[in-house]
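Colleague: Please take me through this one before I set anything up. I will ask as we go.

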Amino acid sequence: MDWREAWWGLVEAADPQVARRLHQGRQFHRAARVSDLRVVAGEASARVQDSRATPVPVSVRTPVLDDAAWETVVDVLAGRVRHTARLLAGHAPDGLDAELARTGVRVFPERSELTVICDCGDAVWPCAHAAALWSLLAEALEDDPFVLLQLRGRGRERLLGELTEARRRRAHGDRVAGVDPEGLDLARWTSAHAPIEDIGVPAPETPPTPAGALRLLGDPPGWAGGVGAWELLHPLVEGAASWMVERDEANGARGHTDAF
């Protein structure tokens, strides 16, 4: 999901009055009349210079994720190196929203969670000043996805530190480094502890779709055009997978017949 487009999607509506306020807000932004952007946990604020002599302060507030939700986000991010790579490259992680959806956690807020604070007195939501802040935030999200993560409660340094720690636990577990030499059994260097047949290997889980990796990986570098790789190729991948399953089942049935 493109976070910039998703951010605009929270306020865009068919109402002509809303469309007019959004247009005015974009005009304020393009004219460099929005300043002092500040993003902290739970709130983004700025000042908008309209026809009045004094800039109008405006802010948008949204609930931050609790610690349990952030543990889930960090665990999902840590499980895919490419997620962190995209974050550090200034891009929203492809597939993160879909992976988190299965856990019930959302990084992106819903419209109902947003509260706009502005003293202009406009009855339309959002007002032109809030729309100007929206436009500035959309630009900031396009340049730095950590802006959204900061708004939801985790700054860059803290999040990267938690990701590093999560990867360390994945790689090494919580074991203490080193082994007591007194506990080593020399016989185990040349003989197995148990019969190899007793080592259980769990069967891999069947993916919900054979084209799941295609969705998670996103468009390859240099991909151009209005249709994404997922939309274009996933019917072919799923069709090929179905054909392989049908072929294997048919071969299996013929094998049973030959046995008789």
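Modeller: Helices and strands here are DSSP runs, with at least four residues of H or I for a helix and at least two of E for a strand, numbered from the N terminus. This is a predicted model, in which local features need pLDDT of at least 70 and side-chain atom pairs count only at pLDDT 80 or more, while totals for chains, interfaces and linings use all residues. Residues are numbered from 1 along each chain as its sequence is written, and side-chain values use heavy atoms, with hydrogens and water left out.

Colleague: Fine, so what pattern does the protein follow along the sequence?

Modeller: Along the sequence the order is α-α-β-β-β-α-α-α-β-α-α-α-α-α, which comes from 10 helices and 4 strands.

Colleague: And what does the pLDDT average for the protein?

Modeller: The average is 83, and 79% of the residues score at least 70, pLDDT being the predictor's confidence in each residue on a scale from 0 to 100. Residues 256-260 fall below 50, and that stretch has 0 contacts in the model beyond near neighbours in sequence, where contact means heavy atoms within 4.5 Å.

Colleague: Now the sheet: in what order do the strands come?

Modeller: The 4 strands form an open, antiparallel sheet in the order β1-β2-β3-β4, and two strands are taken to pair if DSSP finds at least two bridges between them. β1 (34-40) and β4 (115-118) are the edge strands, each pairing on one side only.

Colleague: How many bridges join β1 to β2?

Modeller: There are 5 bridges between those antiparallel strands, and within that pairing Arg-38 stands opposite Ser-45 in β2. The hairpin of β1 and β2 has 2 residues between the strands, and Gly-42 there takes a positive phi near 90 degrees. On the other side of the sheet order, β3 (residues 56-61) pairs with β4 over 4 bridges, also in the antiparallel sense, with Ser-59 opposite Ile-117 in β4.

Colleague: Which residues have a positive phi although they are not a glycine?

Modeller: Ala-32 is one of them, at about 60 degrees, and it lies in the loop between α2 and β1. Asp-36 also has a positive phi of about 60 degrees, but it lies in strand β1 itself. Ala-32 counts as exposed because its relative accessibility is 66%, and Asp-36 is exposed with a relative accessible area of 52%; the cut-offs are under 20% for buried, over 50% for exposed and partly exposed in between, with a 1.4 Å probe and protein chains only.

Colleague: Which strands does helix α6 lie across?

Modeller: Helix α6 (residues 128-143) lies across β1, β2 (43-48), β3 and β4, and runs at about 60 degrees to β3; axes are lines fitted to C-alpha atoms, for helices over the stretch in contact, and angles run from 0 to 180 degrees between N-to-C directions. The largest nonpolar core has 53 residues, and among those with the most contacts inside it are Val-60 and Trp-134. Helix α6 gives the largest share of this core, 11 residues. Such a core is a set of buried Ala, Val, Leu, Ile, Met, Phe, Trp, Tyr and Cys residues joined through side-chain atoms within 4.5 Å.

Colleague: His-129 next, since I must pick a protonation state: is it buried or exposed?

Modeller: His-129 counts as buried because its relative accessibility is 6%, and it is found in helix α6. Its side chain makes a polar contact with the side chain of Asp-50 at 2.9 Å, meaning a pair of N or O atoms within 3.5 Å, of which, within protein, one must be able to donate a hydrogen and the other to accept it, residues adjacent in sequence counting only if both atoms are side-chain atoms.

Colleague: What does the side chain of Arg-21 make a polar contact with?

Modeller: The partner is the side chain of Asp-122, at 2.6 Å. Arg-21 is in helix α2 (residues 16-30) and counts as buried because its relative accessibility is 13%. Residues it touches include Pro-126 and Cys-127.

Colleague: Where is the peptide bond that is cis?

Modeller: That bond runs from Trp-125 to Pro-126, with omega near -5 degrees, and Pro-126 sits in the loop between β4 and α6.

Key:
Lists of a residue's contacts leave out its neighbours within four places in sequence.
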